[in-house]
Amino acid sequence: MNLYTIYTVVKSVCRQALAVGIVAFAALSAAAQHYQPSPENLRAREEFNDMRFGVFIHWGIYSMFGQGEWYLQTGGLDRDEYAKAAAGFYPANFDAAKWVSAIKASGAKYICFTTRHHDGFSMFDTKYSDYDIMDATPFKRDIVKELADECHRQGIKLHLYYSHLDWTRDDYPLGRTGHKTGRKGSADWPGYYRFMNNQLTELLTNYGPIGAIWFDGHWDQPKDFDWQLEEQYALIHRLQPACLVGNNHHIAPYEGEDFQMFERDLPGENHAGYSGEQSVSKLPLETCQTMNGMWGYKVADRNYKSAKELIRLIVKAAGKGANLLLNVGPQPSGDLPATALSRLSEIGEWMGKYGETVYGTDRYLTDAQEWGTVVRKGKKLYVHILADRMPEFVAIPMMDKVREAVTFDGGEKLKFETIDGGIVLHTSSLQPATDRIVTLLIK
Ligand code: FHN
């Protein structure tokens with residue numbers, strides 16, 4: 001292929017990408033929002049949107065079985081037998097300072113911790129249940145408190161995961177899952193709802209400023225089930241106006257939610273099958289993903305994504321205007337798995353050098369590009385070329401006029417041509433490098 005042919009192909013790809021992008025942009029749903037977020041909440045949304053990277057922690061007594069956080073359900077276990085694990089839960093190596101330091105060094109700006117997962121065990125000191133870290137374990141240390149204090153000390157936000165679904169309580173109305181745990185089926189929704197709100201009140205009263213409440217489990221009930229979310233969300237906002245509310249219900253955001261989340265997929269994609277019913281709203285976005293396969297510690301799960309894959313995920317999420325919430329499942333000892341620690345440190349090294357090209361950036365492209373993505377910060381565009389083999393040209397659909405193109409590393413000037421609907425960036429001089437970042441200065 002001669003240069004002219006390549007140029008023509010690139011030009012046509014560029015035009016097509018632009019056309020698809022415009023249609024995709026028009027399709028972004030603008031969920032009607034009657035709820036008026038407070039000024040503090042709006043500020044918190046902006047801060048959240050700038051963070052771009054957080055670490056999710058799935059930890060509970062399930063870690064003792066080493067089979068992931070769903071083991072009560074997947075193992076077909078009886079709740080009383082399962083609960084006996086609590087009496088042996090003594091994570092001697094748990095050290096909130098160590099966790100927070102490692103996570104902070106990865107460049108993550110927030111931590112989201114599972115205060116109570118579907119197994120119903122509370123990892124904090126609650127007056128409303130004895131099935132908690134203080135009453136049911138010999139450890140008797142409030143893990144959420146230690147983590148919260150350390151997050152506040154080290155200046156990193158703490159978000160709290162809270163399961164709407166409960167596989168052990170009799171008052172929770174039986175849903176799609178957890179049928180074999182021995183629940184009596186004596187549902188008492190008002191009682192369960194009161195219980196959740198009491199716990200949420202504890203979480204938002206006893207642990208200092210909380211960045212977000214991250215709900216999960218909504219999908220366990222039929223679509224017409226009334227979770228009374230509006231009232232619950234109002235309670236959260238009343239207790240801490242800046243606390244963001246998000247719900248992993250896999251559908252478009254409800255009134256009162258402050259950010260939209262996606263599970264194992266980038267906004268607008270649905271490879272994992274959770275996002276078929278949700279379009280992308282105008283709220284701040286977050287996508288959560290596992291570092292290996294499971295969320296909670298699973299002893300056989302060695303299928304860790306490489307640091308390069310994880311960094312690409314952060315970049316791709318930023319390209320979609322979303323934060324990546326990357327999960328780690330601590331061991332029953334309280335240690336973060338060694339591989340997870342090493343990935344966090346590799347990510348941290350990258351973030352130290354290139355964090356500027358993802359933190360505080362906005363989405364720029366409306367459509368995914370095979371070669372990578374572009375994000376915007378003021379008058380700069382960061383072109384992230386994510387390629388194992390550097391292409392010779394990159395076609396970037398854009399309306400802005402480019403003044404200059406330079407590599408982020410080293411400031412080498414790159415040639416580019418303005419074409420109809422975008423530019424063609426000449427990247428052959430970067431070969432044989434793999435992933436690279438190019439800064440475009442725009443007028
Ligand atoms: O069932 C949970 C699962 O255990 C995990 O917490 C993930 C995280 O997004 N959410 C649920 C599945 O949608």
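This tour goes through the two domains of a predicted model and the interface between them.

Begin by colouring the chain by domain: select residues 39-270 together with 281-361 for domain 1, and then 364-442 for domain 2. With both selections visible, place a marker at the C-alpha centre of each domain, and the distance between the two markers should come out at 36 Å.

Next, select the residues of each domain that have heavy atoms within 4.5 Å of the other, which gives 16 residues in domain 1 in contact with 17 residues in domain 2. The size of an interface is often given as the accessible area lost when the parts come together. For domain 1 and domain 2 that buried area is about 1300 Å², with carbon and sulfur atoms contributing 56% of it.

Now show the side chains across this interface, where three salt bridges are counted between domain 1 and domain 2. One to centre on is the salt bridge that joins the side chains of R312 and D388, with a nitrogen-to-oxygen distance of 2.9 Å. If the display is then widened to polar contacts, eight residue pairs are found across the interface of domain 1 and domain 2, with both residues of each pair at pLDDT 80 or more.

Finally, turn to the side of domain 1 that touches domain 2 and select α9 (307-319) and α10 (338-354), each of which supplies at least two residues to that side. The largest share comes from α9, with six residues. Colouring this side of domain 1 by residue class shows six nonpolar, four polar and six charged residues.

Notes
Residues numbered from 1 in each chain as written. Predicted model: local features only at pLDDT ≥ 70, side-chain atom pairs only at ≥ 80, totals over all residues. Heavy atoms only, no water. Domains from an automatic or database assignment. Buried area = accessible area lost by both parts, 1.4 Å probe. Salt bridge = Lys/Arg side-chain N within 4 Å of Asp/Glu carboxyl O. Polar contact = N/O pair within 3.5 Å; in protein donor to acceptor, adjacent residues only side chain to side chain. Helix = DSSP H or I, 4+ residues; strand = E, 2+ residues; numbered from the N terminus. Nonpolar A, V, L, I, M, F, W, Y, C, P; charged D, E, K, R; others polar.
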